[in-house]
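Colleague: I'd like a close look at the empty space in this model, please. Take it slowly, and tell me which parts of the chain surround it.

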Amino acid sequence: MMGDDANLSVTIAHIVQRLKGTYLHSQIERHAKECLHQPEIKLESLKEDVRCFLKTSGWERKLQNAVYRELHSHLPPTHPAAPPEHLKEPLAYMRKAQATWEKRVLKSLNSMSSELGVPLARMRGAEEQKELRNKWNEMGTDEPDLSSFRPVYAPKDFLEVLVGLRNPNYDSSEDVSSRSHWGLIQAPLNVRDIPQLRQVFTELNLTTGQLGIDDNAHIHPDLFENQYVLVGKKVVEDQDSAAAQQYSRRGCSNGLRADLWALILNSTNQPPDVMHYEQLKTGVIQHDLLVDNLIYKDVKLTASNDDYYFVFEDFLYQVLLCFSRDTLVLEHFKYNSATPPKAYIQGKAGDEDFAVVYPPNGVIPFHGFSMYVAPLCYLYNEPSKLYSVFREMYVRYFFRLHSISSSPSGIVSLCLQFERLIQAHLPQLFYHLRQIGAQPFTSVKEIQ
């Protein structure tokens, strides 16, 4: 009990420290001072009156949402004696695999730079800056020659690394039985079985209404859909992040999805957020990065290969180019198994005093990276809002899909989860696919 109280105190202190100095903190402080001049604020009940004012004016709810975000996007404080690398990834063989993979990706990027004679970064000329500023909303019409640029890696390259993961302290030959795992992923991690998944996702129970299923044409909307949508509108009106996440576990209506997702992520798009986006835009206009070409090529090869299907090509460029310059993204490396890559100022290779994170956000784009943003383009038509939601999605969820880690939400565990469920509940299909040389995991990938 004492240990729980100590952990709670540490968590509270950690969140308070993180929120100090933020835009929200300054706004709450300013409004609290202004309310002191109101006649209903009494000196003898000052604390309670100010708290009541902040509650009725909506600032208490905004603070609750900010705390909720901190609890869900950062690792909880651990023992002070724990090594820093253990906070990022507790398993040594996972850390080693991630470090090896990072070196391979960075080597690919540096090789491309050397072979093509293209610097990692350069200042754009005045005329080039003016041209880019003028066509900012029409970048999709540009057709640069990208034939010499290649993705630093493709998903299949990453899959090969995941397939090769082995725990040197685990001998799988000692556990040969009917329960042995015969899939591609051989990392011995604990993943949930069906009973455990049912406990975690209780809202998917057949007895519980689910939007997208119980609002089918043959079911009268009065039986579920209408009432559920009304509840959703109330959740959005109340601006409660925790309530929005709980509500969304049973589905989101198309008309509320954008607002609910932004509320869950506490992506408010306040004036400082808009200003930050504009600063990133200025950075794009002023400096040209080698990774910009990788972004251009990826968008051309994936999302924008059919104008009649996907019409948000310009949004993708705007968001991804700004994202590559956003140093706020570096914050997530505190709880990411990955480490941001570094480059050296020209002529100072090997001198750590002249090492800089490259690209500035620490994330080298790969083939298919633009597909993280593409679905969000259907929900948000304002670039700064789209950017804010995507960045929050990335630092909270997406980064785990291309980092090697033992996290239950990481790509290794998700792949293993899929294979074990297929093996346990569709064993004949699993065996058949193996017999014809088509592993279930890669078969699904090919179908997609």
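Modeller: Let's start with the closed spaces: there are four cavities of 30 Å³ or more. A cavity here is a set of points on a 1 Å grid over the protein atoms alone where a 1.4 Å probe fits but cannot get out. Grid points are joined across faces, edges and corners, and a volume is the space filled by probe spheres set on the points. Keep in mind that this is a predicted model, so local features need pLDDT of at least 70 and side-chain atom pairs count only at 80 or more, while totals for chains, interfaces and linings use all residues. Residues are numbered from 1 along each chain as its sequence is written, and side-chain values use heavy atoms, with hydrogens and water left out.

Now for the largest cavity, which comes to about 230 Å³. Its lining (residues with an atom within 4 Å of a point) has 18 residues, and Gln-98, Glu-102, Gly-362, Ile-364 and His-402 sit nearest the centre. Helix H6, residues 92-116, supplies five residues of that lining, the largest share. Helices are DSSP runs of H or I, at least four residues, numbered from the N terminus.

Next, the largest pocket, with about 1,500 Å³ of space. Its lining counts 37 residues, and the closest to the centre are Phe-201, Gln-245, Tyr-397, Ser-409 and Leu-414. Two or more lining residues come from each of H4, H9 (194-200), H11 (241-248), H12 (257-265), H16 (383-396) and H17 (411-425). A pocket differs from a cavity in being an open set, with protein on both sides within 12 Å along at least five of seven lines.

H4 is worth following back along the chain. It spans 59-73, and Gly-58 is in the loop between H3 and H4. Gly-58 is partly exposed because its relative accessibility is 22%, where under 20% is buried and over 50% exposed (1.4 Å probe, protein chains only). Gly-58 also has a partner far along the sequence: Gln-239 is 181 residues away, yet the two C-alpha atoms are 9.0 Å apart. On the other side of that loop, H3 covers residues 46-56 and includes Leu-46. With 35% relative accessible area, Leu-46 is partly exposed too.

Finally, a quick look at two cysteines. Cys-252 counts as buried because its relative accessibility is 11%, and so does Cys-415, at 3%. The structure holds zero disulfides (pairs of cysteine sulfur atoms within 2.5 Å).
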